[in-house]
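Q: Please take a close look at one part of this model, the pairing of charged side chains. Then set that part against the rest of the chain.

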Amino acid sequence: MQSYLAPSSFTFLSFPSQKPINKTIPFQSFTIKSSIDKTPTTKPKPTTSSKTTSWVSPNWLTSLTKSLTLGSNDDSGIPIASAQLEDVSELLGGALFLPLFKWMNEYGPIYRLAAGPRNFVVVSNPAIAKHVLRNYGKYAKGLVSEVSEFLFGSGFAIAEGSLWTVRRRAVVPSLHKKYLSVMVDRVFCKCAERLVEKLQPFALDGTAVNMEEKFSQLTLDVIGLSVFNYNFDSLTTDSPVIDAVYTALKEAELRSTDILPYWKISALCKIVPRQIKAEKAVTVIRKAVEELIVKCKEIVEKEGERINEEEYVNDADPSILRFLLASREEVSSLQLRDDLLSMLVAGHETTGSVLTWTLYLLSKDPSALLKAQQEVDRVLEGRNPTYEDIKDLKFLTRCITESLRLYPHPPVLIRRAQVDDVLPGDYKVKAGQDIMISVYNIHHSSQQ
Ligand code: HEM
């Protein structure tokens, strides 16, 4: 199926959007069509793809990169993977995790991908991954921040150092248990009911439905209401804000695969059509969020609202925005806007992806699907779920965990070394080295 849904900047280098396969899999009265059961060992067919924007570059560029960036005396002890264009040309646009898996089988749990102007050390070993992720300060967000700064600004998803610590500490208290309970009841269930209503006619006449698209719309609606108390209503309507969100997410994805990061030159951003479009999209999103902040601030001021208990929730507006404003913490409106956008982007495609993969995997395993349905029927007895019910939905929770193991989102985590370092196993990395932790490889490796 064709999908316009781009992985978020946060989850760029993500799983591919599904394309049709020959099989149709009955799922109650729906039909699910997908190509996502492509196995990682599938050898991509050589092709003369016209797409040349991937950072995985042709041989000559890879060789040039090796000589320019590594020199002749590479003493890192890290094997160099030979990235052939044919390995990836069919997969450009998102399914990078497949060749990464193939190369892990060829080169081992750590290898260097000398690819165009970017040269990554790809890690598929838990001890090395832990070392990189735990040594905060020695490793920063690097490329993730570079490609999504145009959208996130100084939001805490890409912030570093003391700004990150301060903003993270400010936001976390809003995500307390009572907030989640209220959200399950007032947002998750309501949005899910709306989706069920939308699906009903298709179920009745047996029409195939693009569930990836539907889940993405559902999660956008959920995150909009949970974070800003703003109803995108994307299940029902098209709006300039929704279009802008997708344009911006697509741009972040494209930036992560551009061979030359020309968008770092601000003059070029004013004349290149793709950049003009992206800038317009970000303006639309920021304006919408800024207006929501102004409106909410006015209400909080007028009501003299202040947080007076640990698990505070405003009954009329239980959103994170309202909590943060009522906490009266000193923060500029721009920082607040960027933090809220961080949550919107980071929480949208991730949850959409988990729902899509879990449903897909259940549809492929009728006995697991039946067991999950029986558990839901037994625990809920026909009513809507509450937050408390989650602990009793044990099998369903394990299905989601297994889906996250098989298809983790994001499939890779990106970091950049800030200082020279030695990784477990005595592999040397230099300051500035980009590192890609393949969560997918770790989850799929027979060695772990
Ligand atoms: C099942 C759904 C989700 C998955 C699988 C997921 C996965 C992740 C992962 C792996 C990271 C770490 C990324 C890294 O270190 O490079 C992360 C961070 C983050 N996630 Fe999620 N996430 C999910 C849902 C959400 C939701 C619903 C929100 C917002 C309400 C959210 C907001 C964030 C933010 C803001 C960060 C950055 C945190 C920081 O740097 O301090 N995520 N997520």
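A: Lys391 counts as exposed, with a relative accessibility of 53%, in what is a predicted model. The cut-off for exposed is over 50%, so Lys391 falls on that side of the limit. Its salt-bridge partner is Glu388, and the closest N and O atoms of the two are 3.8 Å apart. The limit for such a pair is 4 Å, and 3.8 Å is within it. Glu388 has a relative accessibility of 40% and counts as partly exposed. Elsewhere, salt bridges with shared partners join Glu146, Lys264, Arg416 and Asp434 into one network.

By the same kind of count, there are 28 salt bridges in total. A further one of them runs between Lys270 and Glu279, whose closest N and O atoms are 3.1 Å apart. Lys270 is exposed, at 53% relative accessible area, while Glu279 is partly exposed, at 38%.

Another pair is Arg194 with Asp233, where the closest N and O atoms lie 3.7 Å apart. This pair links distant parts of the chain, since 39 residues separate its two members. Arg194 belongs to helix H7 (residues 177-205), and Asp233 to the loop between helix H8 (211-228) and helix H9 (240-257). Both residues fall in the middle class of accessibility: Arg194 is partly exposed at 22%, and Asp233 is partly exposed at 21%. Buried would require a value under 20%, so neither Arg194 at 22% nor Asp233 at 21% counts as buried.

The loop between H8 and H9 also holds Asn229. Phi of Asn229 is near 60°, a positive value in a residue that is not glycine. Most residues other than glycine have a negative phi. Asn229 is partly exposed, with a relative accessibility of 34%. Asp426 is a second case of this kind, with a positive phi of about 70° although it is not a glycine. Asp426 sits in the loop between strand S8 (421-423) and strand S9 (427-429), and at 53% relative accessibility it is exposed.

One peptide bond also calls for a note. His409 and Pro410 are joined by a cis peptide bond, with omega at about 0°. Most peptide bonds are trans. Pro410 is in the loop between helix H15 (394-406) and strand S7 (412-417).

The interior gives a contrast to these charged pairs. Leu100, in helix H3 (residues 97-107), has a relative accessible area of 0% and is therefore buried. Leaving out residues up to four places away in sequence, Leu100 touches Tyr111, Leu113, Val122, Val412, Met436 and Asn441. One of these, Leu113, is 13 residues from Leu100 in sequence, and their C-alpha atoms are 9.3 Å apart in space.

Empty space is the next topic. Rolling a probe the size of a water molecule over the atoms shows where such space is left. The structure has 4 cavities of 30 Å³ or more, and the second largest of them contains about 50 Å³ of space. The lining of this second largest cavity consists of Phe228, Tyr230, Phe232, Val241, Ile285, Ala288, Val289, Leu292 and Leu344. Those residues divide into 9 nonpolar, no polar and no charged. Helix H11 (residues 273-303) gives the most to this lining, with 4 residues.

Finally, the chain as a whole. The chain has 16 helices and 10 strands. Of its 448 residues, 51% are buried. Taking contacts between residues at least 6 apart in sequence, 71% join residues at least 24 apart. The accessible surface amounts to about 21300 Å², and carbon and sulfur atoms account for 58% of that surface.

Terms used
Residues are numbered from 1 along each chain as its sequence is written. This is a predicted model: local features need pLDDT of at least 70, side-chain atom pairs count only at pLDDT 80 or more; totals for chains, interfaces and linings use all residues. Side-chain values use heavy atoms; hydrogens and water are left out. Buried means under 20% relative accessible area, exposed over 50%, partly exposed in between (1.4 Å probe, protein chains only). Contact means heavy atoms within 4.5 Å. Accessible areas come from the Shrake-Rupley method with a 1.4 Å probe; for residues, only the protein chains shown count as cover. On a 1 Å grid over the protein atoms alone, a cavity is a set of points where a 1.4 Å probe fits but cannot get out, and a pocket is an open set with protein on both sides within 12 Å along at least five of seven lines; lining residues have an atom within 4 Å of a point. Grid points are joined across faces, edges and corners, and a volume is the space filled by probe spheres set on the points. Ala, Val, Leu, Ile, Met, Phe, Trp, Tyr, Cys and Pro count as nonpolar, Asp, Glu, Lys and Arg as charged, and the others, Gly among them, as polar. A salt bridge is a side-chain nitrogen of Lys or Arg within 4 Å of a carboxyl oxygen of Asp or Glu.
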